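This report covers cysteines, helices, salt bridges and a surface patch, in that order. The sequence and structure come first.

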Amino acid sequence: MRNDEGGHLLPKRETNWFRGIAAVMVILSHYAEWWTWFTPVEGDGAIFQLAFTKLGIYGVDIFFLLSGYAMVISLGQNPMNKHFVWKRIKNTYIPYFIVVGIIELISEGFVSLQDFLYFASGYDYWYMFVLFLFYIAFIIIYAIIKNKGFRVTAFCIFTYIFSRILYDKGMSDFWYVSNIAFALGVIVGEYESKLKKIIDKLWLPLTALLAAGMLPFIRWGLDGGVPFGQTPEDYQLSFQLAATVIWTLLVLILVSKCRIKERIFAFLGKYSLYLYLTHTYIFMQCINKLEGSYAGRFAASALVTIAVSLLCGKLITAACAYPFRKQKAE
């Protein structure tokens, strides 16, 4: 493990690798939940099934940490500009609009104005809805506020208010528990140089401390979410948020210090958005239309998801780049 002098705290190759890990964690958590629809799980199998279902929220923590960080690094010292906004639209919203739009058309999902509004806002894909609002808030805050400290403070306040609204509306916990990871990513991006010095000096004890700190939360999660034998529901959110913060900080150090040569997850990381957008629809199609064992159909859905995601990524990237290539050629 090492840190390249003069480079970013979170190198691009490692961020892609961890994005791939995050995508697999999210998909596995869904597969683990869906598995119980078809096959009863008992005993030790039930423990493993529960453990896999818990992976999703930690995968989202990774995505949000890296997304918040990338927003700050992408903008750099520049004022908010059209290029920055277009890049968010091109890399996130257009892929979502095309992929999910096709899925909705095939599924005959547009039957009312509300359906279209939900689609346009990403509401039915909660991760996209939350991500879009974080992007909008970041753009507005960074366009108005110039001071770094005030920017970070304003974004953290937005994160709290937004998450509180979701909590008060009774949304499922995955709508808001991971949101703090995005704010942490913004903080890391703004104070990158200072944090890099701290991590370079203390990464080993910090890693050990944070890894040990995750153990009681893992036990808590596998016990069914009851905080160390206590019953008050008020403890639930506090423990979830604490787990998110500890896990996010641990991932921060690992991304910063690890130099990973493995390429499969890095490859998946480049297409992580498409993996997320397509995996549910493809799974349902494979389960309903293929024959054979459920295990075989689950495996087939995973392979088809990877293939379709790669194809979508290549085609949409080429389509977005074509006007600029044509303009440059002229």
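Cys 156 is partly exposed in this predicted model, its relative accessibility being 29%. Cys 286, by contrast, is buried, with a relative accessible area of 7%. Cys 286 takes part in no disulfide, and the nearest cysteine sulfur, which belongs to Cys 312, is 14 Å away. A disulfide is a covalent bond between the sulfur atoms of two cysteines. The structure as a whole holds 0 disulfides.

**Helices**

Helix H4 covers residues 82-106. Its 25 residues reach 33 Å from the first C-alpha to the last, close to the 36 Å expected at 1.5 Å a residue. H4 also has a kink of about 40°, centred on Lys 90. The buried residues of H4 include the aromatic side chains of Phe 84 and Tyr 96. Arg 88 and Glu 104 are also among the buried residues of this helix, as are Pro 95 and Gly 101.

Helix H8, residues 179-190, has 12 residues and should span 16 Å at 1.5 Å a residue. The end C-alpha atoms of H8 are 18 Å apart, which agrees. Because 10 of its 12 residues are buried, H8 is largely enclosed by the rest of the structure. Among the buried residues of H8 are Phe 182, Leu 184, Val 186 and Val 188, together with Asn 179 and Glu 190.

Ile 62 lies in helix H3, residues 55-75, and is buried, with a relative accessible area of 1%. The C-alpha atoms of Ile 62 and Met 25 are separated by 10.0 Å, the two residues being 37 apart along the chain.

**Salt bridges**

Side chains of opposite charge can pair when their charged atoms come close. How many salt bridges does a search of the whole structure find? The search finds 3, listed here with their N to O distances.

| Basic residue | Acidic residue | N to O distance |
|---|---|---|
| Arg 13 | Glu 14 | 3.3 Å |
| Arg 164 | Asp 168 | 3.4 Å |
| Lys 257 | Asp 200 | 3.3 Å |

In the pair of Glu 14 and Arg 13, Glu 14 is buried, with a relative accessible area of 1%, whereas Arg 13 counts as partly exposed at 47% relative accessibility.

Arg 164 and Asp 168 both belong to helix H7, residues 148-168. Because they are 4 residues apart in H7, about one helical turn separates them. Arg 164 is partly exposed, with 40% relative accessibility.

The side chains of Lys 257 and Asp 200 also meet in a salt bridge. This pair links distant parts of the chain, since Lys 257 is in helix H10 (residues 234-257) and Asp 200 is in helix H9 (residues 192-222), 57 residues apart. Lys 257 is buried, at a relative accessible area of 5%, while Asp 200 counts as partly exposed at 28% relative accessibility.

**Surface patch**

Which residues form a nonpolar patch on the surface? They are Leu 105, Phe 110, Leu 113, Phe 116 and Leu 117, with about 510 Å² of accessible area together. Helix H5, residues 113-121, gives the most to the patch, with 3 residues. Leu 105 has its place in helix H4. Leu 105 counts as exposed because its relative accessible area of 61% is over the 50% cut-off.

Terms used. Residues are numbered from 1 along each chain as its sequence is written. This is a predicted model: local features need pLDDT of at least 70, side-chain atom pairs count only at pLDDT 80 or more; totals for chains, interfaces and linings use all residues. Side-chain values use heavy atoms; hydrogens and water are left out. Patches are made of residues with over 30% relative accessible area and no salt bridge: like charges are joined within 9 Å, nonpolar side chains (Val, Leu, Ile, Met, Phe, Trp, Tyr) within 5 Å. Accessible areas come from the Shrake-Rupley method with a 1.4 Å probe; for residues, only the protein chains shown count as cover. A salt bridge is a side-chain nitrogen of Lys or Arg within 4 Å of a carboxyl oxygen of Asp or Glu. Helices (H or I, at least four residues) and strands (E, at least two) are DSSP runs, numbered from the N terminus. Buried means under 20% relative accessible area, exposed over 50%, partly exposed in between (1.4 Å probe, protein chains only). A disulfide is a pair of cysteine sulfur atoms within 2.5 Å. The expected span of a helix is 1.5 Å times one less than its number of residues. The bend at a residue is the angle between axes fitted to the seven residues ending there and the seven starting there.
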